[in-house]
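Please open the model in your viewer and keep the sequence panel beside it. The tour moves from the whole chain to a few selections.

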Amino acid sequence: MKILTVLTGALIIAGCAQGDASADRAGEDERDIAMVERMNQIPAKPIEPEPLTHAVSEAHDLSGAGCDFVPEGQSDPVLIALGGRAYFKLEDEMVVLTGDTAAQSMPYGGWSRYVGLTNWLEFSRDSSAQTAASEESWTAPGQLVIHDAKERVVYRASGAVECGA
C-alpha cells in the first residue's frame, strides 16, 4: 500500500511537471512564431513619383479638366487626376488608378482617394487657403500620400493642389 501511495504521488508530481513544461514550450512556440513573422515582413519600399512634364502629359494625353499635385520645391506635378482616373509615373511606367467614389469628391469630377492594383493614394487640399489663378482654376496647399498594397505609406509630400478646366 505504501508503495502504491508513493508511486501515485510520483506520477502526480511528474504530471504536474510535464504540464509546466508544456506551458513553457507553448510560450516559447508563440515567441518563435512571432519572431519568424516579424522576420518575414518585408519593409515598405519608399517610392519617388517622377515629374509629369508637359511632354509626358502630351504623350499620355493627360489634359483636360481636373486637378494635379505639385510637391514643394518642384515646378511639375507628380500626380494628375482627371475625373475618375489619376496618373503618376514610377520607374518610367505610368501608373493608373481609379477614383474611389466612396471618398470625398474633388472639383472637376475628381476624388480625394484613388485605388490601383499595387498602390492607393489620397490627396487633400486646404480649401480655406485656396487662391484663384483665373476664373476656372485655383491653387490650394495640399498633401499627397501614396500607400502600398499592405497599407504602408511609401510616399508623402506637401505641396500645391492645382485644379482647373
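What follows begins with the whole protein and then turns to a group of paired strands.

This is a predicted model, in which local features need pLDDT of at least 70 and side-chain atom pairs count only at pLDDT 80 or more, while totals for chains, interfaces and linings use all residues. Residues are numbered from 1 along each chain as its sequence is written, and side-chain values use heavy atoms, with hydrogens and water left out.

Begin with a cartoon of the whole protein, which has two helices and nine strands, these being DSSP runs (helices H or I, at least four residues; strands E, at least two) numbered from the N terminus. Along the sequence the pattern reads α-α-β-β-β-β-β-β-β-β-β.

Next, switch to a surface: the accessible area, computed by the Shrake-Rupley method with a 1.4 Å probe, is about 10,500 Å², and 55% of that belongs to carbon and sulfur atoms. Of the 165 residues, 33% count as buried, meaning under 20% relative accessible area (1.4 Å probe, protein chains only).

Now select residues 85-90, strand S3, together with residues 93-99, strand S4, which pair in the antiparallel sense over six bridges; two strands pair if DSSP finds at least two bridges between them. Zoom in on Leu90, whose bridge partner in S4 is Glu93. S3 and S4 form a hairpin with two residues between them, and in its turn Glu91 has a positive phi of about 50 degrees.

Finally, add residues 113-115, strand S5, which runs antiparallel to S4 and is joined to it by two bridges. Here, select Gly99 and look across to Tyr114 in S5, which stands opposite.

Note on methods: Buried means under 20% relative accessible area, exposed over 50%, partly exposed in between (1.4 Å probe, protein chains only).
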